Amino acid sequence: MSLHERLNEIQGVVPDIEDGRRRKLMNEINQKIHGLLIDELGPELYDNNVGRGEVLKKVKQKLAVLVDGESTPLSGKEKADLIEEISDDVLGLGPIERFLVDPSVSEVMVNDYSTIYIEKEGRIFETSESFINEAHLHRIIDKIVGQIGRRIDESVPMVDARLPDGSRVNAIIPPVAIKGAKLTIRKFAADPLRLDDLIEFGTFSPQAAAFLDACVKGRLNILVSGGTGSGKTTTLNVLSELIPSEERIVTIEDAVELQLHQKHVLQLESRPPNIEGKGQITIRDLVRNTLRMRPDRIIVGEVRGGEALDMLQAMNTGHDGSLSTVHANTPRDVLARLETMVLMSGIELPLRAIREQISSAVDLIVHQSRFRDGGRRVTHITEVQGMEGEIVTLQDLFLFDFSQGLDDAGRQRGFLKSTGIRPKFTTRLDEVGIELPAELFQLEYLTRK
């Protein structure tokens with residue numbers, strides 16, 4: 001390396017060192033002013049009788065005084081940033097607060113105190129934001145779980161919680177989390193998506209949407225399947241919106257996410273054990289209890305264990321039109337997952353008996369995937385036709401057409417198309433006055449509007 005190149009390299013490193021020192025100094029000032037603010041305002045920050053707007057105004061006024069009194073010379077921007085950061089920390093959730101109020105951000109992922117990622121439009125991006133240190137991150141996690149009366153410490157190092165707006169939170173701390181605490185927040189949409197929105201996004205085709213509308217109103221039992229982050233809960237919420245308003249709906253979830261607008265909706269939420277290991281209420285407990293609540297429809301946010309047996313029995317004993325989600329890679333995998341989950345119930349049943357329960361209970365599987373372009377699309381709508389020998393038979397009614405390739409932006413041009421096959425349950429729908437028009441199953445190539 002020449003002397004000239006070496007000098008250029010050194011000149012590039014010096015600003016980085018200075019920036020690092022300045023950031024460290026700003027963090028120290030942040031912590032000091034934060035402490036002074038708590039000392040001076042104290043209980044006023046958490047007075048439930050005072051509105052958030054009034055508290056925020058008082059906090060910012062006090063911070064302006066404290067920042068102006070700081071002996072270290074600060075630029076106007078640094079002062080403004082300090083006031084904003086400390087306000088978010090005291091009244092919000094620190095450096096992730098701005099992502100939680102940004103409607104374009106769907107998920108916030110904290111890998112450690114210095115690394116924060118977000119998801120936008122189905123794609124993950126690293127941010128420049130960070131917590132001051134590990135203690136700062138722990139303080140924010142404690143704040144989140146404390147709001148709902150939960151705790152997280154070395155004896156209980158994992159917790160699922162939710163924010164006041166319903167956003168789902170998972171936190172995990174050492175010793176089970178290596179290299180610091182991890183925090184994941186899946187945001188709760190203030191304005192839930194509707195069927196027309198999913199058609200516009202390309203999740204459904206108009207044909208498929210009309211078909212599913214008829215299936216929900218016709219009280220078919222439907223499972224929405226897919227991988228993590230594929231949009232199963234959103235699709236479940238949209239399908240649930242299609243249930244007639246006069247029906248009594250009971251929803252069961254680990255953390256309430258469904259946003260139904262019907263009048264007659266009862267929401268149940270599971271509960272983890274307390275610090276003594278007692279008081280747990282599982283999804284299975286809630287499914288059993290729901291059967292005594294005279295539901296017209298049972299919606300389970302996700303089936304993941306022994307509750308699968310109770311859900312199947314409910315579907316087979318008069319609770320038609322039930323909906324749920326399940327993790328699986330293909331519609332065929334849904335059946336294998338259900339078999340495994342029924343065995344997890346602790347009741348020993350022959351495999352053929354389990355398969356007969358599944359084939360008679362489940363009518364339709366809606367399978368969804370997240371594509372590389374970040375889009376969530378339904379790729380299969382599959383009918384469960386019954387048993388042939390020892391095998392549960394499936395028939396694809398709609399499949400995603402991948403043949404159109406990608407557009408200039410790298411997005412899939414394809415959409416969900418009918419296979420031309422009419423389902424066996426058409427007669428059941430006819431009996432309740434719901435007709436499936438022939439054009440829903442036309443093989444002609446349809447262009448998306």
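1. In strand β6, the bridge partner of Val108 is Ile185, and this pair is a convenient place to enter what is a predicted model. Val108 belongs to a pairing in which four bridges join strand β1 (residues 105-112) to β6, the two strands running antiparallel. A further pair in β6 is made by Leu183, which is the bridge partner of Val110.

2. On the subject of β6 and its other pairing, strand β5 (residues 168-172) is joined to β6 over five bridges, again in the antiparallel sense. Here Leu183 of β6 is the bridge partner of Ala171, and Leu183 is likewise the bridge partner of Val110.

3. Which residues of β6 lie on its covered face, and which on its uncovered one? In this strand (residues 182-186), Leu183 and Ile185 make up the covered face, whereas Lys182, Thr184 and Arg186 make up the uncovered one. In a regular strand the side chains alternate between the two faces of the sheet.

4. These strands are part of an open sheet of six, in the order β3-β2-β1-β6-β5-β4, with antiparallel pairing. The edges are taken by β3 (123-126) and β4 (158-162), and because each has a single partner strand, one side of each is left without a neighbour in the sheet. From one strand to the next, the twist averages 15°. Helix α5 (residues 134-146) lies across β1, β4, β5 and β6, and its direction runs at about 45° to β6.

5. The model also has an open sheet of nine strands, ordered β9-β8-β10-β11-β7-β12-β13-β14-β15, in which the pairing is mixed. Its edge strands, each pairing on one side only, are β9 (265-269) and β15 (416-418). Neighbouring strands of this sheet are turned against each other by 30° on average, direction ignored. Within the sheet, strand β7 (residues 222-226) and strand β12 (residues 364-370) run parallel and are joined by five bridges, and Leu223 has Ile365 as its bridge partner in β12.

6. Helix α10 (residues 307-315) packs on this sheet, where it touches β7, β10 (297-300) and β11 (323-327), and its direction makes about 160° with that of β10. Is α10 largely enclosed or largely open, and why? Eight of its nine residues are buried, so α10 is largely enclosed by the rest of the structure. The buried residues are Glu307, Ala308, Leu309, Asp310, Met311, Leu312, Ala314 and Met315, a list that a reader may wish to follow along the helix in the structure. The elements that cover them include β7, α9 (283-290), β10, β11, α11 and α12.

7. Helix α11 also meets the sheet of nine strands, lying across β7, β11, β12, β13 (376-388) and β14 (391-400) and running at about 140° to β14. Helix α11 (residues 331-343) packs in addition with helix α12 (residues 351-361), at an angle of about 120° and with the axes 10 Å apart. Because angles between 115 and 145 degrees fall in the oblique class, α11 and α12 are oblique to each other. Their crossing is right-handed. To this contact α11 contributes Leu335, Leu338, Glu339, Val342 and Leu343, and α12 contributes Leu351, Ile354, Arg355 and Ile358. By class, seven of these residues are nonpolar, none is polar and two are charged.

8. Helix α8 (residues 232-241) deserves a separate point: eight of its ten residues are buried, so this helix is largely enclosed by the rest of the structure. The residues concerned are Lys232, Thr235, Leu236, Asn237, Val238, Leu239, Ser240 and Glu241. They pack against α6 (195-201), α7 (206-217), β7, β10, β11 and β12.

9. A final point concerns a single residue, Val67, which lies in helix α2 (residues 52-68). Is Val67 buried or exposed? Its relative accessible area is 2%, and because buried means under 20%, Val67 is buried. Which residues are in contact with Val67, once its neighbours within four places in sequence are left aside? They are Ile33, Leu74, Lys79, Leu82 and Ile83. Of these, Ile33 is 34 residues apart from Val67 along the chain, while the C-alpha atoms of the two are separated by 7.3 Å.

Methods
Residues are numbered from 1 along each chain as its sequence is written. This is a predicted model: local features need pLDDT of at least 70, side-chain atom pairs count only at pLDDT 80 or more; totals for chains, interfaces and linings use all residues. Side-chain values use heavy atoms; hydrogens and water are left out. Axes are lines fitted to C-alpha atoms, for helices over the stretch in contact, and angles run from 0 to 180 degrees between N-to-C directions. Angles under 35 degrees count as roughly parallel, over 145 as roughly antiparallel, 65 to 115 as roughly perpendicular and the rest as oblique. A crossing is left-handed if the near helix is turned anticlockwise from the far one by less than a right angle, and right-handed if clockwise. Contact means heavy atoms within 4.5 Å. Ala, Val, Leu, Ile, Met, Phe, Trp, Tyr, Cys and Pro count as nonpolar, Asp, Glu, Lys and Arg as charged, and the others, Gly among them, as polar. Two strands pair if DSSP finds at least two bridges between them. Buried means under 20% relative accessible area, exposed over 50%, partly exposed in between (1.4 Å probe, protein chains only).
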